[in-house]
Amino acid sequence: QVQLVESGGGLVQPGGSLKLSCVASGNIVGSINMGWYRQAPGKERELVATIHTVGTTKYADSVKGRFTISREYGRNTVHLQMNSLQPEDTAMYYCNADVIPSGSIKIQNYWGQGTQVNVSS
């Protein structure tokens, strides 16, 4: 069974930094896209950043220049370095991954449980 486990959330002051990490564990043949989404109270879940296995990245306009997504391919791990955090970045951050489970020929999509990021003075 494939699981995504996030870590690195917490409370930070405006202008501060946090680094989120997500590990895809289980019997995985490979991972394709990995990325981060976030959901603030009363709002819909939105894309933050994604990174393809070939290295192509995509960012939400609101985080461009402040957040950086990266991967550790051999470990099915994705990181999100968040700098210059602002109160509007406060949200639950979810890891998302398209992976090929062992024994399957289909790409399947998984979500993590989420890690909370609070930006407040």
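Which residue stands opposite methionine 92 in S11? The residue is glutamine 116, and the views below, all taken from a predicted model, place this position among its neighbouring strands and rings.

**View 1. Strand S11 and the side chains along it.** Strand S11 covers residues 115-119, and its side chains alternate between two faces. Thr115, Val117 and Val119 point to one face and are buried. Gln116 and Asn118 point to the other face and are not buried. Glutamine 116 is also the residue that faces methionine 92 across the strands.

**View 2. The partners of S11.** S11 pairs with strand S2 (residues 10-12) in the parallel sense, over three bridges. In this pairing, glycine 10 stands opposite valine 117, a residue whose side chain is buried. S11 is also joined to S9, here by three bridges and in the antiparallel sense. Strands of a sheet pair through backbone hydrogen bonds, and the pairing may be either parallel or antiparallel.

**View 3. The hairpin of S9 and S10.** S9 and S10 form a hairpin, with six residues between the two strands. Glycine 103 lies in the turn and has a positive phi of about 85°. Four bridges join S9 to S10, and the two strands run antiparallel. Valine 99 has glutamine 108 in S10 as its bridge partner.

**View 4. The aromatic cluster of Tyr37, Tyr94 and Trp111.** Ring pairs link Tyr37, Tyr94 and Trp111 into a cluster. The count of aromatic pairs comes to two. In one of them, tyrosine 37 and tryptophan 111 meet edge-to-face, at 5.1 Å centre to centre and with 65° between the planes. This pair links distant parts of the chain: tyrosine 37 belongs to strand S4 (residues 28-39) and tryptophan 111 to strand S10 (residues 108-111), 74 residues apart. Tryptophan 111 has a relative accessible area of 37% and is therefore partly exposed. Tyrosine 94 and tryptophan 111 form a pair that is likewise edge-to-face, with 6.5 Å centre to centre and 85° between the planes. Here tyrosine 94 lies in strand S9 (residues 91-101), 17 residues apart from tryptophan 111 in strand S10. Tyrosine 94 counts as buried because its relative accessibility is 14%, and the cut-off for buried is under 20%.

**View 5. Arginine 45 over two rings.** The charged end of arginine 45 sits over the ring of tyrosine 94, at 3.7 Å from its centre. The charged end of arginine 45 also sits over the ring of tryptophan 111, at 4.6 Å from the centre of that ring. Tyrosine 94 and tryptophan 111 themselves form an aromatic pair.

**View 6. The open sheet S1-S3-S8-S7.** Four strands form an open sheet in the order S1-S3-S8-S7, with antiparallel pairing. Strand S1 (3-7) and strand S7 (67-72) are the edge strands, each of which pairs on one side only. Neighbouring strands of this sheet are turned by 15° against each other on average, direction ignored. S7 pairs with strand S8 (residues 77-82) in the antiparallel sense, over six bridges. Isoleucine 69 stands opposite leucine 80 in S8.

Key. Residues numbered from 1 in each chain as written. Predicted model: local features only at pLDDT ≥ 70, side-chain atom pairs only at ≥ 80, totals over all residues. Heavy atoms only, no water. Phe/Tyr/Trp six-rings, centres within 6.5 Å; stacked < 30°, edge-to-face > 60°. Buried < 20%, exposed > 50% of the residue type's maximum accessible area, 1.4 Å probe, protein only. Lys NZ or Arg CZ within 6 Å of the ring centre and 35° of its normal. Pairing = 2+ DSSP bridges. Axes fitted to C-alpha atoms, helices over the stretch in contact; angles between N-to-C directions.
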